[in-house]
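Me: I'm new to reading protein models. Could you walk me through this one, feature by feature?

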Number of protein chains: 2
Amino acid sequence: MKAFSNLEVEKRQKIINAAFNEFTEKGYELASTNQIVKNAGIGKGMLFYYFTNKHELFLFLIEYAIEKTEKEFLNKLSDAPDLFERFKNVAIQKLAFLTQYPNAMNFMAKVMINDAEQLDETIKEKIRVLEQKTHQRLYSKIDTDLFREEIDSEKAIKIIQWAFRGYEEEITVRLQNENIDVRNLENYFAEFHEYVGVMKKAFYKGGH
Amino acid sequence: MKAFSNLEVEKRQKIINAAFNEFTEKGYELASTNQIVKNAGIGKGMLFYYFTNKHELFLFLIEYAIEKTEKEFLNKLSDAPDLFERFKNVAIQKLAFLTQYPNAMNFMAKVMINDAEQLDETIKEKIRVLEQKTHQRLYSKIDTDLFREEIDSEKAIKIIQWAFRGYEEEITVRLQNENIDVRNLENYFAEFHEYVGVMKKAFYKGGH
DNA sequence: TTTGTATTGACCAATGTGGTCGATGATTGA
DNA sequence: TCAATCATCGACCACATTGGTCAATACAAA
């Protein structure tokens, strides 16, 4: 345990990433420690020198993902009252987080859907707290006066949220097919703003 | 092969469903024929009596899913020019299809994402054709005059599509948590229409 | 040189894999 | 009624993979 935290950051990160990938792809039961050490480029013995067994590795990854998500993503979110400003900020922070901690978010998502039974109550509680904090950061103190009067702002917010998620997924697919070209990211942001513009016209006052 | 198609429908369906589930959950490589026969309630030998091996079973499932999707879902879709009428119809047809062929759609989705390398070119071509037909049924001859002039209708359509998908996923989650109560489906449809109402006000003319 | 830590991969028993096959019911046709 | 065919099972096979161990090192510090 001490040994692992004293590793050079690069090596540490390579192991964490290999583990993230394996657990995310196959789930807890089917994830293979052999695959993890192979992809991490370390000998089999080392994994069990750092972590006493598969389960402890798994728990470490969860704690790690929770902590990073909170400190490096959640706490950096904007609290602008304009819903779209807030969501635009979310997109930016998410991109930054994903480049620094790839797979951490996917891992968390997969865990919560499929491997909940592996978690004891204290970790489940941490996850619940994180979810609640996220929800609060995202949706509290939104300025609903910006919405057109005849529109149910609560439902509108849901719709907008779904649209953002849909766009995000579409971008993810595109980036997997084409090879990620950093120069193109500008195009994506331009397109992104166009979609935001359409939604503002649709839901906000003054687009009449 | 002949043997399998001559089975009583109920038994046939139980096997198909067990196989759908296993392949959807674990992907082609990790899917276990032992699990399939256990969940299907048949002896190990029978699976290889019906299908010569795992791969042929897999191919059969794909052909089956493609055929059913086309005949029992795609061909029944409405071609109303009003986007919302069309999408409301999609929701209804999808629900009907899912109750009759659970997991067929999930299976197809999983296959296309993860197991594309298992497919030969003729099947890939069939899938491409199905995708293209689906796209055409969903989006051709939409009446864009219904949209407010100042709104980019093409982008609006995308947004609406994402919103429908988001709502669908939310309902799916809710139905998994609560136990499915058929009486509640009416409530869901009422809620569904409210969301449609909000979007109509937002994107269509005459919501001034 | 000695001591202690990092590192490896061959090795282990256990489990699971896709697939086979001989035995046994069940159904049919003559 | 008897034989032949079909349907069904699960024990069994060789093989691959599993999570985890450990004796053997290499290396660093003292």
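Me: Which residues are the closest to DNA strand D, and how many surround that strand?

Reply: Keep in mind that this is a predicted model. To read a surface like this, list the residues beside the strand, then ask which elements they come from. Here 18 residues surround DNA strand D, and the closest are Ser32(A), Gly45(A), Asn53(A), Gly43(B) and Gly45(B). Two or more residues each come from α3 (33-40) and α4 (44-50) of chain A and from α4 (44-50) of chain B.

Me: Which element has the largest share of the surface near DNA strand D? And how do its residues divide into nonpolar, polar and charged?

Reply: α4(B) has the largest share, with four residues. As for the kinds of residue on that surface, there are six nonpolar, nine polar and three charged.

Me: What about DNA strand C: which residues are the closest there?

Reply: You read it just as before. Around DNA strand C there are 16 residues, the closest being Gly43(A), Gly45(A), Ser32(B), Gly45(B) and Asn53(B). At least two residues each are supplied by α4 of chain A and by α3 (33-40) and α4 of chain B. α4(A) gives the most, with four residues. The surface near DNA strand C divides into six nonpolar, seven polar and three charged residues.

Me: Let me step back to a whole chain. How many helices and strands are there in chain A?

Reply: Counting elements is a good way to start on any chain. Chain A has 10 helices and zero strands. Its C-alpha trace spans about 65 × 40 × 30 Å along the principal axes. Of its 208 residues, 19% count as buried. You can also ask how far along the sequence the contacts reach: among contacts in chain A between residues at least 6 apart, 68% join residues at least 24 apart.

Me: How do I read the way two helices pack, say α2 and α5 of chain A? At what angle do their axes cross?

Reply: Look at the distance between the axes, then the crossing angle, then the residues in between. The axes of α2 (residues 9-30) and α5 (residues 54-73) of chain A come within 11 Å and cross at roughly 105 degrees. An angle from 65 to 115 degrees counts as roughly perpendicular, so α2(A) is roughly perpendicular to α5(A). On the α2(A) side the contact is made by Ile16(A), Ala19(A), Phe20(A), Phe23(A) and Tyr28(A), and on the α5(A) side by Leu57(A), Phe58(A), Leu61(A) and Tyr64(A). That contact has nine nonpolar residues, no polar ones and no charged ones.

Me: Now the nonpolar cores. How many residues has the largest one, and which have the most contacts inside it?

Reply: For a core, find its best-connected members and then see which elements feed it. The largest nonpolar core has 28 residues, and Ala163(A) and Ala163(B) have the most contacts inside it. Two or more residues each come from α6 (83-100), α9 (153-177) and α10 (184-203) of chain A, and from α6 (83-100), α9 (153-177) and α10 (184-203) of chain B. Leaving out residues up to four places away in sequence, Ala163(A) touches Met199(A), Ile159(B), Trp162(B) and Ala163(B). There is also a second, separate core of 21 residues, which includes Ile15(B), Val37(B), Leu47(B) and Leu57(B).

Me: How many residues of each chain are in contact where A and B touch?

Reply: With two chains, count the residues on each side and then see where they come from. Here 21 residues of chain A are in contact with 21 residues of chain B. On the chain A side, α2, α9 and α10 each supply at least two residues, and α9(A) gives the most, with eight. That side divides into 12 nonpolar, two polar and seven charged residues.

Me: One last feature: where is Lys141(A) found, and is it buried or exposed?

Reply: For a single residue, check its place, its surroundings and its backbone angles. Lys141(A) is in the loop between α8 (121-139) and α9 of chain A. It counts as exposed because just 11 other C-beta atoms lie within 10 Å, and the cut-off for exposed is 12 or fewer. Its phi is near 60 degrees, a positive value in a residue other than glycine. For a contrast, try Phe164(B), which lies in helix α9 of chain B and is buried, with 22 other C-beta atoms within 10 Å.

Note on methods
Residues numbered from 1 in each chain as written. Chains lettered and ligands numbered in written order. Predicted model: local features only at pLDDT ≥ 70, side-chain atom pairs only at ≥ 80, totals over all residues. Core = buried A, V, L, I, M, F, W, Y, C linked by C-beta atoms within 7 Å. Buried ≥ 20, exposed ≤ 12 C-beta atoms within 10 Å, placed from the backbone. Contact = placed C-beta atoms within 7 Å. Axes fitted to C-alpha atoms, helices over the stretch in contact; angles between N-to-C directions. Parallel < 35°, antiparallel > 145°, perpendicular 65-115°, else oblique. Nonpolar A, V, L, I, M, F, W, Y, C, P; charged D, E, K, R; others polar. Near = placed C-beta within 6 Å.
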